[in-house]
Amino acid sequence: MEGEAIHDEQRQPGQMPAQADPEPVTLLLVLEDTETLSSLSDIGEQEGLRVLHAESAQDALAILELEPVDMVLCDALTPGLDGHEVLELIQERWPDCIRLLMTDVSSGLEEALRAIDEGHVYGFIPKPWHEERLRLLLRRSREHLGTQREWMQREMALLEQNQDLIALNAALEQRIEATQQELKQTAEMLDKTYDELLHMHVTTARVIGDLLHHRLPRHLQTNEQVYALVTAFCETHALDHTLQQDLQLAAALYNIGKLTWDDHLLATPSEQLSANERTAYQHYPVSGENHLMAMPQLKRAAKFVRHHRERWNGNGFPDRLEGSDIPYGSRLLGLAVDFIELQRGMVLPREVPRPQALALLRKFAGRIYDPELCHDFVKLCVEKAPDLQTSGKAVISLETSQVKPGMILAQDIYSASGMLLLHEGKRLDQHLMDKLKNFEEIEGRNYTVLVYRP
């Protein structure tokens, strides 16, 4: 370094010079020589600096504890601690303070350069010092200080912006969460409304289905039990909610196509129908579908109604569909309808006891019924008996000769004319058992008595 011993940072190309800092800049002079101290103080004030004096390292540290100091110019031969030690201590405790060293060029140059290289010192003034060099160092130190303050202000501004963004983000998250909660509540409300609407459709369908019941004897009214079977199967096998709704609608309305039949046709078992009557009978699924298609909400249920008389082997009606071409809902509905109507004497010219009706379903699995679905359906009827509405209680089927006093009826018993003889829940005694046997003799048929398992 020749003729100049000033540490300076290089500006980047195109970088604007640092603007003069409007805040006062304080310079602390740490010198023992009063004459030099006075001269340097005058120069510092001429450069617009607020100048403080300290004659020793201890005095300098005390001032730094009490006063905000931006720059320190320290003589290398400071009493107490040498200048290098003072500036190292200042770097540790006040790292933002710019540190300048005055040292003898003949003995302290190498140490001063090392201090600059290690970052302890920003720049140095060689002794004997030169006024213009000193002024230049003070100006560049002040520029550097302004740059530091500018960066600090930017960092503070970025920090504030970051905090504002964090607060804004938190507020947005709260708003998003509140909006999500509102949307969730709205969705739940819409789901509830939709479920209520579907329930209303099912209820309406069941009311419509009841219109046909008024023309039938009580023992030929089947919709309630078909509905219970279909619902229980859907719940047990966790079928899709929409499929369950459509099946319930179909179960409530499957025989709506019979509304135009005369009373004779309604009360005649299907196996005893004449050729002309059978033609009308085989048309009722199509008629039922036509009645339901007018309501868009019932289109899928209407399809189940149309095909619930198809057979697994393709010999059913109205479209002679075969196997898995038959809609799943139609296959399930057909099982439930046949199971109930067999027991009511609506298929064969006699009532088939419940156990025998289940046996017939098993027998015709693979011909009339989907074999896998039939297996699951029979299993449901045996284990849970939803058609008996027993709330999960075990039920057994007995002939009247097998019934013992104290047993409780699991199902109403009706006469052939539809008159209620004994209602579900009745505890049987010998008198009631004799009464049942008398009715069997009068009507010429045997009753199947369903009781709760003791």
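**Close-up views of the model**

**View 1. Pro128 sits in the loop between strand S5 (123-127) and helix H5 (131-213).** Helices (H or I, at least four residues) and strands (E, at least two) are DSSP runs here, numbered from the N terminus. The peptide bond leading from Lys127 into Pro128 is cis, with omega near -5°. A note that goes for every view: this is a predicted model, so local features need pLDDT of at least 70 and side-chain atom pairs count only at pLDDT 80 or more, while totals for chains, interfaces and linings use all residues. Residues are numbered from 1 along each chain as its sequence is written, and side-chain values use heavy atoms, with hydrogens and water left out.

**View 2. The loop between helix H10 (299-306) and H11 holds another cis proline, Pro318.** Omega is near 15° for the peptide bond that joins Phe317 to Pro318. Arg320 belongs to the loop between H10 and H11 too. Its phi is near 55°, a positive value in a residue other than glycine. Arg320 is also exposed, at 52% relative accessible area. (Exposed means over 50% relative accessible area, buried under 20%, and partly exposed in between, with a 1.4 Å probe and protein chains only.)

**View 3. Ala238 has a positive phi in the loop between helix H6 (223-236) and helix H7 (241-253).** The angle is near 50°, and Ala238 is not a glycine. With a relative accessibility of 66%, Ala238 counts as exposed.

**View 4. Strand S1 (residues 26-30) is buried from end to end.** Five of its five residues are buried, so the rest of the structure largely encloses S1. In a regular strand, side chains alternate between the two faces of the sheet. Here both faces are covered: Thr26, Leu28 and Val30 are buried on one side, and Leu27 and Leu29 are buried on the other. S1 pairs with strand S2 (residues 50-54) in the parallel sense, over five bridges; two strands pair if DSSP finds at least two bridges between them. To pick out one of these links, start at Leu29, whose bridge partner in S2 is His53.

**View 5. Helix H3 (residues 83-93) keeps its buried residues on one face.** The buried residues of H3 are Gly83, His84, Val86, Leu87 and Ile90. Look down the axis of H3 and these buried residues fall within an arc of 160°, so they line one face of the helix. (That arc is taken from the directions that run from the helix axis to the C-beta atoms.) An α-helix has 3.6 residues a turn, so residues three or four places apart point the same way.

**View 6. Leu101, in strand S4 (residues 98-104), is buried.** The relative accessible area of Leu101 is 0%. Leu101 and Val121 lie 20 residues apart in sequence, but their C-alpha atoms are 6.8 Å apart in space.

**View 7. Cys74 is buried, and Cys234 is buried as well.** Cys74 has a relative accessible area of 0%, and Cys234 comes out at 0% relative accessibility. A disulfide is a pair of cysteine sulfur atoms within 2.5 Å, and a search of the whole structure turns up zero of them.

**View 8. The second largest pocket has a volume of about 570 Å³.** Among the 33 residues lining it, Arg309, Arg311, Asp338, Ile368 and Tyr369 are the closest to the centre. Helix H9 (275-292), helix H11 (328-343) and helix H12 (354-363) are the elements that give two or more residues to the lining, and H11 provides the largest share, seven residues. By class, that lining has 14 nonpolar, nine polar and 10 charged residues. (Ala, Val, Leu, Ile, Met, Phe, Trp, Tyr, Cys and Pro count as nonpolar, Asp, Glu, Lys and Arg as charged, and the others, Gly among them, as polar.) On a 1 Å grid over the protein atoms alone, a pocket is an open set of points with protein on both sides within 12 Å along at least five of seven lines; a cavity is a set where a 1.4 Å probe fits but cannot get out; lining residues have an atom within 4 Å of a point. Grid points are joined across faces, edges and corners, and a volume is the space filled by probe spheres set on the points.

**View 9. The largest cavity holds about 160 Å³ of space.** Its lining comprises 19 residues, and Lys258, Trp261, Leu266, Thr268 and Met346 are the closest to its centre. Helix H8 (residues 263-267) supplies the largest share of this lining, three residues. The split by class is 11 nonpolar, five polar and three charged. The count of cavities of 30 Å³ or more is two.
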